[in-house]
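Got the model open? Let's walk through its sheet with a few quick questions.

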Amino acid sequence: EVEPSFPGGDEAWKRYITKVIKEHINEIAAENKSGTCKVKFIVDKDGTVSDVKVLSMQGTKLAEAAVEAIKKGPRWNPAKQNGYIVTAYREQPVTFTISEN
């Protein structure tokens, strides 16, 4: 019923992933690949993340940065079903766009 979520919600996730991308911006931009990397992982009952897998853009620096961000980030808010905290899968998109100046 309630999907796992990043602590602080979508806005906190955007701030967090933007910070991570900025740390890796030179490597990511050097590949000259824009797109959305989808990462699938498990959020356990205690919010621990495990089994992180890249679903799209495998082998790119963006995918590496996204996986690192999810693995090294804070615990997530676990999912709930029928009022109980449960372990659940989460798919999280990470988008990077190269803008033309």
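**Sheet notes**

Q: Which residue in β5 does G35 stand opposite?
A: This is a predicted model, where local features need pLDDT of at least 70, side-chain atom pairs count only at pLDDT 80 or more, and totals for chains, interfaces and linings use all residues. Residues are numbered from 1 along each chain as its sequence is written, and side-chain values use heavy atoms, with hydrogens and water left out. Strands (E, at least two residues) and helices (H or I, at least four) are DSSP runs numbered from the N terminus. Opposite G35, in β5, you'll find F96.

Q: How many bridges pair β1 and β5?
A: Two strands count as paired if DSSP finds at least two bridges between them. β1 and β5 run in the antiparallel sense, and their bridge count is nine.

Q: In β2, which residue is the bridge partner of K40?
A: β1 covers residues 35-43 and is joined to antiparallel β2 by four bridges. V39 has V54 as its partner in β2. For K40, the β2 partner is K53.

Q: In what order do the three strands form the open sheet?
A: The pairing is antiparallel. β2 (49-54) and β5 (88-96) are the edge strands, each pairing on one side only. That gives the order β2-β1-β5.

Q: What angle does the direction of helix α3 make with that of β1?
A: Helix α3 (residues 61-72) packs on the sheet and touches β1, β2 and β5, contact being heavy atoms within 4.5 Å. Axes are lines fitted to C-alpha atoms, for helices over the stretch in contact, with angles from 0 to 180 degrees between N-to-C directions. For α3 and β1 the angle is about 30°.
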